[in-house]
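Visitor: Could you take me through this model and set each label against its cut-off?
Guide: Gladly; here is the sequence with its structure.

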Amino acid sequence: MENIQNELSDIKNDISNIKTDIKLIYQTQATLSEAVEKLTDITSKFQAMIEKQNTQSSDIHDLFTKYNKLQEEMYEKMSQCQAHTIKIKTLCDEIRELKDAIKFRDKALIGLGSGVLIYIIVELIKLI
């Protein structure tokens, strides 16, 4: 009988230990559930951060595309300015040539006018 009593006592202890183990399992499960929730939250935040970074990368790419387009336009405008500068220089050279030609013509006319005047004077002197 005593043997049975001992075995019953052992069984009660085992049951008590099992209850304690079950409580620990529930506590561990609750802790694991909290950990899973926290990991899910962290994962969501990380995904949001990646999406934000992708958006920023896209924005940066768009800015570089706009920068490259503006740079191309600037080079095109610079080429046009160089062409206009060459045209202006050519026109200035032509104006200088025209001014020189006008000065030469004026001198020639003055010389011609003086020659005509001298001729008239000589002819008048002959008549006298």
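**Labels and their cut-offs**

Guide: Aspartate 41 has a relative accessibility of 39% and therefore counts as partly exposed, a label for values between buried (under 20% relative accessible area) and exposed (over 50%), with a 1.4 Å probe and protein chains only. The model is predicted, so local features need pLDDT of at least 70 and side-chain atom pairs count only at pLDDT 80 or more, while totals for chains, interfaces and linings use all residues. Residues are numbered from 1 along each chain as its sequence is written, and side-chain values use heavy atoms, with hydrogens and water left out.

Visitor: Why is lysine 45 called exposed?
Guide: Lysine 45 reaches 54% relative accessibility, and because the label exposed begins over 50%, lysine 45 carries it.

Visitor: What makes aspartate 41 and lysine 45 a salt bridge?
Guide: The term requires a side-chain nitrogen of Lys or Arg within 4 Å of a carboxyl oxygen of Asp or Glu; the closest N and O atoms of aspartate 41 and lysine 45 are 3.4 Å apart, so the pair qualifies. Both residues lie in helix α1, four residues apart, about one turn of the helix, where a helix is a DSSP run of H or I with at least four residues, numbered from the N terminus.

Visitor: How many salt bridges does a search of the whole structure find?
Guide: The search finds three salt bridges. One of them joins the side chains of aspartate 93 and lysine 89 at 3.6 Å, N to O, and these two residues are four apart in helix α1. Arginine 96 forms a salt bridge with aspartate 93 as well, the closest N and O atoms being 2.7 Å apart. Salt bridges that share partners thus join Lys89, Asp93 and Arg96 into one network.

Visitor: Why is aspartate 93 called partly exposed?
Guide: The relative accessible area of aspartate 93 is 28%, which lies between the two cut-offs, so partly exposed is the label that applies.

Visitor: Is cysteine 92 buried, partly exposed or exposed?
Guide: Cysteine 92 has 34% relative accessibility and therefore counts as partly exposed; cysteine 81, at 48%, also counts as partly exposed.

Visitor: How many disulfides are found in the whole structure?
Guide: Zero disulfides are found, the term being kept for a pair of cysteine sulfur atoms within 2.5 Å.
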